[in-house]
Amino acid sequence: MLSNKRSATESAGKREVALLRCIGCGATPHATAPDFRCVSCGELLEFVLSGWALGPAKLKSLWLNRRTAAGITPSNRLDQSGVWRFREMLPHIPEEYAITMGEGNTPLFRLQRCGSATGVESLYAKHQGMNPTASFKDTGMTFAASSARQGGFHWVACASTGNTSASMAAYAARGGMRSLVLIPEGKISWGKLSQSLDYGALTCQLRTDFDGCMRILNELVREKPVYLLNSVNPYRIEGQKTAAIELMEQLGWEAPDHIIVPGGNLGNSSAIGKALIEMHERNVISRLPKLSIIQAEGANPFYRCVKEFGGAKLEPMTAETLATAIRIGNPASWKKALRALRATGGEVEQVSEVEIAEAKAEIGADGIGCEPASAVTLAGLKKLRAAGFVRPGEMVVLILTGHLLKDPDFTIKFHRGDLFTGTPHERQAVHAKPLQRAPVVLDADLGAVVGVLDAAERNS
Ligand code: F0G
């Protein structure tokens, strides 16, 4: 049990109060259970920040000063991080426990070609794949792993589709803790698996899916003194909020019209939504962007929750998609995500396997690239445009959650044209042919290379 001692947020000498509260019954427990669920009603907990001592203008200049301060010294170690730099918006964790690798600080790219193709001239990508372990998970992990260290834990653990585990393994290693990874056997990419092996995690491949791994982990943390680092852990959500704060700073504190995120376990959409709402309530931004959530058709429990059941219930399903990061049938944070969707007026969409692969290649052709799960954002944008929900003059930001090199297998198979061979998507996949760039195998002969070059020029 971690104590819920109204953790204080330091701000220019004054202390803000953060409190853990159940999103279901509103209880404010004195301590958290190992699975981070409310002991009264079983719902998730969240941090509530009571208010900030500094006004918006002071906060913005404080955050900017930290970012632009020259040199790295022990005293500004936290300021180098794109997460800890915004610590006025987070519960307090004393600096001595902070495990940081300079996470956050991710670029915002204009997507020129994708923008023209979708008819959204003002299209941007916030690339969370540019974090230390190449996914957005690092922003939440720096904060939650630090809370584990503060709690004196020797072991941390997570169930994962690959990115959480890679991130957790790295931060645990940096913080001197052991890590236990539960992943579905054969259903995560080699890139992600290799990361947790190299970072020294005890890696268990369970013969089940992500949801099965999560079930076992929930049982394990009740038996063993192991700290759970999935996004049900409210510290994860707090750290992940900073992606939205940093984005607003990059846009000069002018909110875009739309932010589009992939939806898996729904921690990220919850975190970004929470940050937007908190910034809006405190006049850090003057209007709320619409936050839309996109799922793969084969892993669409949240889409169905909203479209079929009006948000009244979520029916777990057996998930299937090649975008393995979001192969999740029973998302833990669906109620938090639903709240974010409703508060911001966002939409939920689903996209097919071929639509995901096409969108991924299009983001790649813009010179940016991402992993398959991230590409649902562009695929979803196309649908939201077609439905008139996104209008041509509006500014749209896609949150790209993972790096292209996380899953090179998918990319190579796509370009070679065999990603969908023998699957039900084979017929639809012919539409993706113009996007495929298979490598050309030639003799080591100048004439052969020149011939290929000339042919490519003629066809361009
Ligand atoms: N994109 C990527 C690249 C992911 O790894 C994940 C989740 C998501 C999107 C969905 O985010 O779960 O917050 O809705 N990956 C988790 C993992 C589940 O274990 O790495 P979410």
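These legends accompany close-up views of a predicted model.

**View A. The open sheet has six strands in mixed pairing.**
Let us start with the sheet as a whole. Its strands follow the order β6-β7-β15-β12-β13-β14. At the edges stand β6 and β14 (348–351), each with a single partner strand, so one side of each has no neighbour in the sheet. Neighbouring strands here are turned against each other by 25 degrees on average, with direction ignored. As a general reminder, the strands of a sheet pair through backbone hydrogen bonds, in either a parallel or an antiparallel sense.

**View B. Strand β7 is largely enclosed by the rest of the structure.**
This view settles on β7, which covers residues 122–127. Of its 6 residues, 5 are buried, and that is why the strand counts as largely enclosed. Strand β6 (residues 108–110) pairs with β7 in the antiparallel sense, over 3 bridges. Look for F109, which stands opposite A125 of β7. β7 also pairs with strand β15 (residues 395–400), and here the two run parallel and are joined by 6 bridges. For a landmark in this pairing, find L123, which has V396 of β15 opposite it.

**View C. Strands β12 and β15 run parallel.**
Here we move along the sheet order to β15 and β12, which follow β7. Strand β12 takes in residues 258–262, and 3 bridges join it to β15. A handy pair to pick out is I260 with L398, the latter in β15, which stand opposite each other. With β7 also running parallel to β15, the view is a good place to follow β15 and its parallel partners β7 and β12.

**View D. Strands β9 and β10 are linked by a right-handed β-α-β crossover.**
The two strands run parallel: β9 holds residues 178–184, β10 holds residues 202–206, and 5 bridges join them. Within this pairing, V181 has T203 of β10 as its bridge partner. The chain leaves β9, passes through α5 and arrives at β10, and the crossover is right-handed. Helix α5 (190–198) is worth remembering, as it returns in View F among the helices that supply at least two residues to the lining of the largest pocket.

**View E. The largest cavity holds about 310 Å³ of space.**
The structure has 3 cavities of 30 Å³ or more, and this close-up shows the largest. Its lining is made by 28 residues, and those nearest its centre are F136, K137, G264, N265 and A325. Helices α4 (163–174), α7 (234–250) and α8 (267–281) each supply at least two of the lining residues. Among these contributions, α8 gives the most, with 3 residues. By character, the lining of this cavity divides into 9 nonpolar, 15 polar and 4 charged residues.

**View F. The largest pocket has a volume of about 500 Å³.**
A total of 20 residues line this pocket, and G186, L322, T324, D409 and K413 are the closest to its centre. Two helices, α5 (190–198) and α13 (408–416), each supply at least two residues of the lining. Helix α13 gives the most to this lining, with 3 residues. The lining of the pocket divides into 6 nonpolar, 7 polar and 7 charged residues. If you have just come from View D, you will recognise α5 as the helix through which the chain crosses from β9 to β10.

Definitions and conventions: Residues numbered from 1 in each chain as written. Predicted model: local features only at pLDDT ≥ 70, side-chain atom pairs only at ≥ 80, totals over all residues. Heavy atoms only, no water. Buried < 20%, exposed > 50% of the residue type's maximum accessible area, 1.4 Å probe, protein only. Helix = DSSP H or I, 4+ residues; strand = E, 2+ residues; numbered from the N terminus. Pairing = 2+ DSSP bridges. 1 Å grid on protein atoms, 1.4 Å probe; cavity = no way out; pocket = protein on both sides within 12 Å on 5 of 7 lines; lining within 4 Å. Points joined across faces, edges and corners; volume = space filled by probe spheres on them. Nonpolar A, V, L, I, M, F, W, Y, C, P; charged D, E, K, R; others polar. Right-handed = clockwise from strand over helix to strand, strands pointing away. Axes fitted to C-alpha atoms, helices over the stretch in contact; angles between N-to-C directions.
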